[in-house]
Each structure stands twice: as structure tokens, then as C-alpha cells.
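Thanks, everyone, for making the time this morning. I would like to go from the overall fold down to a single helix, and I will put the structure up now.

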Amino acid sequence: MQPQPHAPIPELYVSNESAAKLRVEAGELLSWDLTPRQVCDLELLMNGGFNPLKGFLTEEDYDGVVENMRLADGSLWPMPITLDISEAFAGKVEEGQDIALRDAEGVILAILSVTDKWTPNKSLEAEKVFGADDTAHPAVNYLHNHAGPVYLGGPITGIQQPVHYDYRARRDTPNELRAYFRKMGWRRIVAFQTRNPLHRAHQELTFRAAKEAQANLLIHPIVGLTKPGDIDHFTRVRCYEAVLDKYPQATTSLSLLNLAMRMAGPREAVWHGLIRKNHGCTHFIVGRDHAGPGKNSAGEDFYGPYDAQTLFTEHQEEIGIEMVDFKHMVWVEDRAEYMPVNEVPEGASVLNISGTELRRRLQEGLEIPEWFSFPEVVEELRRTKPARSKQGFTVFLTGLSGSGKSTIANALLVKLMEMGGRPVTLLDGDLVRKNLSSELGFSKEHRDLNIRRIGYVASEITKNGGIAICAPIAPYTTTRRAVREDIESFGAFVEVHVATSLEECERRDRKGLYKLAREGKIKEFTGISDPYEAPENAELVVDTEGLDVDYCAHQILLKLEAMGLIAA
């Protein structure tokens, strides 16, 4: 495959003069506030990163992409790029109408000329794009539980780029990177995709890939949305910058990509290849289990380890970029060097540290050997992820009304305050209702919103090194999962299922609520007229029937101690 010249690619922005006029006109239009994922998608639509797309997919394009990775005109495109909206907003929008697209601050970024409005079959989208309609996959969970039920499609008129205040010198549009490559005289460029910090194995891999392709190296990490629980991009970029001087300056460049990943494995690899082609690259490293989301509901990998490489190879000519195999690198102790696992001599002593083991060592403050990572990277990771005994965390008690959650939470609060060392805050369901959510009712939507508010406050407490104790009913699995994901970005989430039976809770009925619910005077009451979805994988299960409160609180303390969150 011959390297292509780095000619500019089409962008969807209008001129500055036109943008000024459109900004005024767009102020009168119906407007949609974009989600963080939609902002990422819009940026890459406008700057040409998603070329040949000219906007959010029409229904015909969407159907083709879902079914066979092709737009209506036959062009290869593996990922649905759609504007999902709420039913309420959909009721205000008609095909043929222009709407303004705004960021979280209310800034108008673009105008969408709506050509299509439809309700997609999300289960079919999940099966075709992600391989399974399984909410253990983060993108499938997003599809069913976060994305709006209606899609809009149509061309985009770009008014301005989203504003980024961080690492501005490292953020390049496709055309800015192409211009840089022209200026440097680079004709062959191999891109390295990553959403993790760089360790020594990655350095060796990228060195070998650049040598094999006889190409310059573009380290092109994702700084948009990645997998829930990933290390934040601020820490990762500090890690990248800390090791950049380990690379030859004349042949290596670092640029940040504001992409919202879908963790779609094989399809994602093809998508990443098309995006890097648009950025002027000629080669792309495709990894083992590239963009894999982990385990499915049955505990098995969603994709085979080399499925991504197989699909990429099938479409390599059409993508217009050459694949460089990701070789799994291991440390060969006898030779004191990294080698591809398939080249290790028989009988050689091999060392490797998995991502899970690395997290464990960080959590427990254990040594991370220099053969595995750079001291500068480890230092940055320890700053962001200190040992668990120094992190903030959240204890989230869930159970039926009357199960004993609040009583246990109050006892736990006192015990943790007695120990000292970190500030402790109790977010009891009734107290939050009174002080944060007094305007909310008890519909499913309002109960979810109440729990998300509790989760938000707990995540802020956790982020700042404190301990949050939450004691709401929190009856829905999806909402508890969302709160867990929010909090685990900053520290540990310890779910405690207070599994006292409905019969016992109703027998207690201290507030008389069950009696009113049985009489039909309280609608949508958890356990009576509305379901309680019991946690399946709580860190701890306690039942207050026949046990005193002090014992239950002490069981939680023992669990926190076993997890390394408090000192023995």
C-alpha cells in the first residue's frame, strides 16, 4: 500500500464571518443540550475526523451501518454516529427543521438540519454492532439506560469547536496533524491507540512497530470518554508527557484525540483505522483484544483476542491504512528485555503484570518493579491512585424501607468518626429527600434522580478523600450501577445489601408506610406495588432480623478492613 499525500480533508465549519451571523440566527432556534458523548462525536464530525460523514446518520445510513458497516452510498463505516434525544424533545422537532446544538455551558456549537427522526431497535443495534444485547457491555448499557429513545439525523453546519482548557497545545485537528506531517517531511506514520498509561512494554511495542513499518510514530491517546473505571485523562496525559523524552524527538509526536470510545472490539478497530487515516496516518497498530470491554454476563470475553485484527485485515485496502500487529510483550528475565510472547525461547523465565495486578499493587501501596514501568509513571499513578487506606470511599447501603439501613448507617458513622483520619458524611435517604430533593415525588423517574443526586454528592466526597455513607432504598439495579461507575472513578464503592425480608420490614412498619401502601393510599411503594431489584454482587450482605445494629455495623467495618480501606 502506497503512503498517501497529506492533503487537507473536508471540514464542516463555516467561515468566521458566516459563523458570527449564524450564531445570532441560531439563538432563535429550538436547541438541544449535548451530552458529553455527543460533544465528542460532534467535534470529530466538524473537524473531519469522521470523514466522510457530513452529519449525524440518517435512518437509511444508520440501517446500513448497523447491518453491514456501510453507509447508504456503500462507503465503509462501522459505527452508528447518531443524535439520541428524549421523547419530550422529539415531540417538538419536525423533519425539515433546523435546531441549535449547545454544549453544557449553553454555547452554540453547530446547527443540525433535521432530515430524519426515528425510534431505533436498540436491541438489534446492540446485537449487530457490539455482538450481544448484554448490558455487561458498557456501550450496550449506555444504549439502553442512558441514551435517548429517539434518534435525529441530518447534515451539520459547524459554528465553532468545543472549547478545551486542558492540554490545548496537544490537541490537533486532522488537518493540523496533516500540516505538521507535511512540515516535518513525514510520509509514513504509524499511530498508536491507547486509553491507558504507557508502561515499558508499550514503549518496546511502539519502538518495534515503528521500526517494522519504517515509519514515524504518532502516540494518539483517547482523552474523550473511555471505559468506566479507566484512569482519568489528566493523569494519563501527565504520564505520557513524563515518558515522552524516552522516545526520539525527531521521529515521535504526541497528540490527543477527543473520541468517545464504544469498546466495540472488531468494529471499533476498523473505526479507529478510518479516524487515523483521516488524521494523515499510513499505518495503525491493532492490539490483542483491541478496544475490548472485558467480560460478558457469563464471565467470558466479549470478543476473541484476534477478532479485531481479522476484521481489520479484511477491510485494510478500503480503510486505506496498513495494520501493524500488536504483539503481546512480556519481560524475559534471563535476557533482561521485552520480547513478543511468540518469540520467547522455550524454557525462558517470563514475567508479566496484568492490569488487575497493577491496580492491586497501587491499591495496597506495594512495589511496582522498574522492569514493568517507569518511575515517573508510577509516581503519577500513585498521586492519583494512592493506597486504598488513604483514598476516599463510599459505603452504599440499599434495602427495603424498614430494613435497618439508616440505623446501621448511623452506627457506622459513629464508629468511623471514632477511628478518625478522614471526614465522614452521612447521606441518609430521608435527610437527602428533605434537603436536596424536596421537590421530587416518588415516580420511578424522580426516585432515580434522587439516587443520582446522592451518588453525585458521594462521588465529590470520595474524590476529595472523605468517606460517604449512603442509606437510600435505591431499588433499581441500573441506577445503582450508574452511581457505582460515578464513584469508582475516584475511590472504592462498597455496596451493602441490607437483606431484611419484606415480611420483617412490614412487621416493623415504624412509619406506618406499609399499611398505607396495602390500602392503596401510597402508590408505587417499593416491595408492595413497585419492585425491589436485589443486588446480585454486593460487597456485603447483612440481615438485621435477629441481629443487633452494632454487630451489623461491625461486619461492615471488617469488610472495609479486608478491602484495605481502613487500617486494621
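Let me begin with burial: of the 568 residues in the protein, 52% are buried, and I should say at once that what you are looking at is a predicted model. The surface that the protein exposes comes to about 25300 Å², with carbon and sulfur atoms supplying 49% of it.

As for the fold, there are 20 helices and 20 strands in the protein. The radius of gyration is 26 Å, which is close to the 24 Å that the globule rule gives for 568 residues, so the protein is as compact as a globular protein of that length. Along the principal axes, the C-alpha trace spans about 75 × 70 × 40 Å. If we take the contacts between residues at least 6 apart in sequence, 74% of them join residues at least 24 apart. On the charges, the mean position of the 64 positive ones and that of the 82 negative ones are 4 Å apart.

Now to the helix I wanted to show you, H9, which runs over residues 233–243. Which of its residues are buried? They are His-233, Thr-235, Arg-236, Val-237, Cys-239, Tyr-240 and Val-243. In reading that list, it may help to recall that an α-helix has 3.6 residues a turn, so residues three or four places apart point the same way.

The cover over these buried residues of H9 includes strands S8 (189–194), S9 (216–221) and S10 (252–254), together with helix H13 (375–384). Finally, at the N-terminal end, H9 is capped by Asp-232, which has a side-chain oxygen 3.1 Å from the backbone nitrogen of Phe-234.

Notes. Residues are numbered from 1 along each chain as its sequence is written. This is a predicted model: local features need pLDDT of at least 70, side-chain atom pairs count only at pLDDT 80 or more; totals for chains, interfaces and linings use all residues. Side-chain values use heavy atoms; hydrogens and water are left out. Helices (H or I, at least four residues) and strands (E, at least two) are DSSP runs, numbered from the N terminus. The radius of gyration is taken over C-alpha atoms; the globule rule is 2.2 Å times the number of residues to the power 0.38. Buried means under 20% relative accessible area, exposed over 50%, partly exposed in between (1.4 Å probe, protein chains only). Contact means heavy atoms within 4.5 Å. Accessible areas come from the Shrake-Rupley method with a 1.4 Å probe; for residues, only the protein chains shown count as cover. Lys and Arg count as positive and Asp and Glu as negative; His and the chain ends are not counted. The place of a charge is taken as NZ of Lys, CZ of Arg, CG of Asp or CD of Glu. A polar contact is a pair of N or O atoms within 3.5 Å; within protein, one must be able to donate a hydrogen and the other to accept it, and residues adjacent in sequence count only if both atoms are side-chain atoms.
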